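Subject: Handover of a structure

Dear colleague,

Please find below the structure that I am handing over to you. My notes on what was found in it follow directly after.

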Amino acid sequence: MPETPQEVLKMIQDENIKIIDLKFIDMPGIWQHCSFYYDQIDESSFVDGVPFDGSSIRGWKAINESDMSMVPDPSTAWIDPFMQEKTLSMICSIKEPRTGEWYSRDPRSIAKKAVDFLTSTGLGDMVYIGPEAEFFVFDDVRFDQTENKGYYYVDSVEGRWNSGREEAGGNLGYKPGYKQGYFPVAPTDTMQDMRTEMLLTMAQCGVPIEKHHHEVATGGQNELGFRFAPLIAAADYLMTYKYVIKNVAKKYGKTVTFMPKPLFNDNGSGMHTHQSIWKGGQPLFWGDGYANLSKMALHYIGGLIKHAPALLAITNPTTNSYKRLVPGFEAPVNLAYSQGNRSASIRIPLSGGNPKAKRLEFRCPDATCNPYLAFAAMLCAGIDGIKNEIDPGEPFDVDIYDLSPEELSKIPSTPGSLEGALESLENDHTFLTDTGVFTEDFILNWIEYKLDNEVNPMRLRPHPYEFSLYYDC
């Protein structure tokens with residue numbers, strides 16, 4: 001893969017590439033793109049950017065100040081495997097053309113500021129992130145919402161609910177049971193070949209791949225794994241991950257969702273996020289404390305736990321996120337830490353005696369988040385914990401789900417709704433803004449956007465289950 005503008009331009013010439021596709025992420029976390037004829041990209045494009053209209057991008061500019069520039073990162077160049085014409089893809093950050101400054105609402109630029117802030121503190125010079133995004137693959141999805149109706153319908157040949165369905169050629173069975181979809185072999189696992197194609201296609205796009213497997217839920221829940229990476233690269237890889245998975249699934253006549261809770265009464269999809277800080281090529285989370293953690297790592301955990309209610313407004317930013325964060329479905333609702341314990345929101349993986357493998361896993365986030373914002377916010381919370389030596393409390397090395405109500409009451413828990421998380425963010429965001437990573441404008445705009453476009457519209461609409469509960473009142 002090329003690393004410099006000169007190498008990208010040479011690649012364009014050597015591969016006879018005519019179309020350059022520039023991708024960037026909007027505020028909620030969806031990739032946007034625009035394709036350019038190759039002669040529109042030169043060395044200056046990697047400094048000054050390529051102009052575009054930002055007024056129609058969600059949560060961004062007003063129409064009277066809409067001119068913006070997308071600046072491609074040459075290290076993100078890869079040939080797009082889903083386009084008929086050979087097309088070079090690059091991921092961009094956004095600049096203000098009037099000032100030449102990085103745009104304060106651009107998520108990728110915010111992530112860069114988070115990494116720069118870490119370096120400026122002298123605490124470390126590298127943060128590694130390893131996200132594990134789960135997803136569902138469905139054969140059919142339909143949904144609608146009008147003034148007089150509202151419904152959704154999803155289906156999968158693997159769905160346990162189809163065990164009695166008449167199917168073409170006869171129903172052959174092999175439907176994973178509820179909460180029994182983890183690691184079955186074929187023929188119960190019907191998606192091996194598709195996941196393999198997803199994984200190998202990701203590798204073609206520069207993602208350092210590791211594994212793939214079926215996940216716990218029935219109805220086609222899966223996960224692919226890629227190697228941890230520096231913060232910005234990890235977010236780039238995650239966006240490529242989602243892009244590849246959705247497009248490969250479409251080739252197979254299937255559809256993918258990263259919604260945390262598309263199925264009732266079975267496990268949801270999370271994005272457990274591994275993280276560690278290094279300096280001078282040396283890991284800083286290894287030490288002689290609990291689970292071989294350093295004091296820095298324990299204080300980092302303290303920062304995550306303290307700020308978790310506010311963090312979740314960014315790491316779990318949808319109303320559907322809180323359908324997953326409920327007890328009983330392996331969901332990390334308890335704000336505690338533990339070694340190898342998946343009932344705690346922060347798990348310390350059992351990594352043996354290798355200091356370089358020592359890390360922590362924050363289990364709350366899900367893949368509806370904007371990864372650049374989520375990773376930056378978690379880093380800011382961790383740094384706040386380190387700088388202020390925040391005590392994470394005692395670890396919980398028991399199954400927290402088995403504790404009595406009295407014992408559970410002593411453990412803080414995640415917010416019960418997006419509205420609750422946004423309220424926490426409104427009351428607790430100086431750990432984000434005092435760093436200079438996030439601006440006050442961004443935080444207030446984020447809260448307003450989420451309330452106006454998600455929380456309040458959901459509040460206005462009757463839920464289908466309310467008819468079961470209340471129609472005959």
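I begin with tryptophan 78, which counts as buried at 3% relative accessibility. Please bear in mind throughout that this is a predicted model.

**Aromatic rings**

Tyrosine 243 also counts as buried, at 18% relative accessibility. Phenylalanine 82 and tyrosine 243 form an edge-to-face aromatic pair, with 5.7 Å from centre to centre and 80° between the planes. Because phenylalanine 82 lies in the loop between β5 and β6 (87–95) while tyrosine 243 belongs to helix α4, this pair ties together parts that are 161 residues apart in sequence. Phenylalanine 82 itself counts as partly exposed, at 24% relative accessibility.

In total, the count comes to 21 aromatic pairs. Tryptophan 78 and tyrosine 243 make up another of them: their ring centres are 6.2 Å apart and their planes stand at 45°, so the pair is tilted. Here, too, distant parts of the chain are linked, since tryptophan 78 is in strand β5 (residues 78–79) and tyrosine 243 is in helix α4, 165 residues apart.

A further group of rings is also worth noting. Phe135, Phe226, Tyr237, Tyr241 and Phe258 form one aromatic cluster. One member of this cluster, phenylalanine 258, has lysine 242 over its face, at 5.1 Å from the ring centre. A similar entry concerns tryptophan 102, where the charged end of lysine 95 sits over the ring, 5.0 Å from its centre.

**Salt bridges**

Side chains of opposite charge can pair when their charged atoms come close. The structure holds 20 salt bridges, and I describe some of them here.

Lysine 251 and glutamate 197 meet through their side chains in a salt bridge, at 2.6 Å from N to O. This pair links distant parts of the chain, with lysine 251 in helix α4 (residues 231–251) and glutamate 197 in helix α3 (residues 192–204), 54 residues apart. Lysine 251 counts as exposed at 58% relative accessibility, whereas glutamate 197 counts as partly exposed at 23%.

Lysine 10 forms a salt bridge with aspartate 14, and the closest N and O atoms are 2.6 Å apart. Both residues belong to helix α1 (residues 5–14); because they are four residues apart there, about one helical turn separates them. Aspartate 14 counts as exposed, with 51% relative accessibility.

Arginine 165 forms a salt bridge with glutamate 167, the closest N and O atoms lying 2.8 Å apart. Is each partner buried or exposed? Arginine 165 is partly exposed, with a relative accessible area of 31%, while glutamate 167 is buried, with a relative accessible area of 18%. Both also take part in a network of salt bridges that links Asp155, Arg165, Glu167 and Lys175.

**Pockets**

Rolling a probe the size of a water molecule over the atoms shows where empty space is left.

The largest pocket has a volume of about 2000 Å³. It is lined by 45 residues, and those closest to its centre are Met259, Lys261, Thr319, Asn320 and Met458. Two or more lining residues come from each of β8 (140–145), β9 (150–155), α4, β13 (255–257), α11 (440–460) and α12 (464–470). Among these elements, α11 gives the most, with six residues. By residue type, the lining divides into 24 nonpolar, eleven polar and ten charged residues.

The second largest pocket contains about 790 Å³ of space. Of the 39 residues that line this pocket, Glu132, Glu223, His274, Arg347 and Glu361 are the closest to its centre. At least two lining residues are supplied by each of β7 (126–138), β10 (209–214), β11 (221–226) and β14 (271–279). The largest share, six residues, comes from β7. The lining of the second largest pocket divides into 13 nonpolar, eleven polar and 15 charged residues.

**Where the parts meet**

Helix α4 recurs in these notes. It holds lysine 251 of the salt bridge with glutamate 197, it holds tyrosine 243 of the pair with tryptophan 78, and it gives two or more residues to the lining of the largest pocket. I would suggest this helix as a place to begin when you view the model.

With kind regards

How values were computed. Residues are numbered from 1 along each chain as its sequence is written. This is a predicted model: local features need pLDDT of at least 70, side-chain atom pairs count only at pLDDT 80 or more; totals for chains, interfaces and linings use all residues. Side-chain values use heavy atoms; hydrogens and water are left out. A salt bridge is a side-chain nitrogen of Lys or Arg within 4 Å of a carboxyl oxygen of Asp or Glu. Buried means under 20% relative accessible area, exposed over 50%, partly exposed in between (1.4 Å probe, protein chains only). On a 1 Å grid over the protein atoms alone, a cavity is a set of points where a 1.4 Å probe fits but cannot get out, and a pocket is an open set with protein on both sides within 12 Å along at least five of seven lines; lining residues have an atom within 4 Å of a point. Grid points are joined across faces, edges and corners, and a volume is the space filled by probe spheres set on the points. Ala, Val, Leu, Ile, Met, Phe, Trp, Tyr, Cys and Pro count as nonpolar, Asp, Glu, Lys and Arg as charged, and the others, Gly among them, as polar. Rings of Phe, Tyr and Trp (its six-membered ring) pair if their centres lie within 6.5 Å; planes under 30 degrees apart count as stacked, over 60 as edge-to-face and the rest as tilted. A charge sits over a ring if NZ of Lys or CZ of Arg is within 6 Å of the ring centre and within 35 degrees of the ring normal.
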